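Here is a short tour of one protein, from its overall build down to a few residues. Please keep the viewer open as you read.

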Amino acid sequence: EIYTLSLHDALPIWFSYPCIAICVNGEYAVVNYFGNAEGEVWLSYNEDNRKEVTFSAGGDEWTPDISAVIRLEAMFSCIMEFLLTCNRPSCIQWKKL
């Protein structure tokens with residue numbers, strides 16, 4: 001099943017489950033994993049991060065909890081694993097939302 005989402009009157013974004021959404025700022029990232037339409041949502045988790053990072057998504061600024069911020073290397077590993085398995089990647093830790 002394919003869903004559509006429109007952000008700030010922008011072009012619609014088409015997606016299906018499972019999917020991941022990524023915000024990047026410099027050498028930092030935050031990853032969301034959406035497992036299904038019933039609300040299975042996970043957020044990247046990194047208990048070692050001590051840096052507050054603000055991300056921009058659709059013109060809105062968002063500053064997640066510092067424990068959600070991961071390094072770019074971990075984000076790239078996450079993308080590769082997701083593309084290969086279509087499952088929630090096991091190469092990083094997650095927090096269930």
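How many helices and strands does the secondary structure of the protein come to? One helix and nine strands, where helices (H or I, at least four residues) and strands (E, at least two) are DSSP runs numbered from the N terminus. Along the sequence they follow the pattern β-β-β-β-β-β-β-β-α-β.

This is a predicted model, so local features need pLDDT of at least 70 and side-chain atom pairs count only at pLDDT 80 or more, while totals for chains, interfaces and linings use all residues. Residues are numbered from 1 along each chain as its sequence is written, and side-chain values use heavy atoms, with hydrogens and water left out.

Of the 97 residues in the protein, 29% are buried, meaning under 20% relative accessible area with a 1.4 Å probe, protein chains only. Three buried residues are listed here.

| Residue | Relative accessible area |
|---|---|
| Serine 44 | 1% |
| Cysteine 23 | 18% |
| Cysteine 78 | 0% |

Serine 44 sits in strand E5 (residues 41–45). A polar atom of its side chain lies 2.6 Å from the backbone oxygen of alanine 68. Leaving aside residues up to four places away in sequence, serine 44 touches Val30, Val31, Ser67, Ala68, Ile70, Ile92, Gln93 and Trp94, a contact being heavy atoms within 4.5 Å.

On to the cysteines: the structure holds zero disulfides, a disulfide being a pair of cysteine sulfur atoms within 2.5 Å. For cysteine 78, which is in no disulfide, the nearest cysteine sulfur is that of cysteine 91, 4.8 Å away.

Technical notes
Buried means under 20% relative accessible area, exposed over 50%, partly exposed in between (1.4 Å probe, protein chains only). A polar contact is a pair of N or O atoms within 3.5 Å; within protein, one must be able to donate a hydrogen and the other to accept it, and residues adjacent in sequence count only if both atoms are side-chain atoms.
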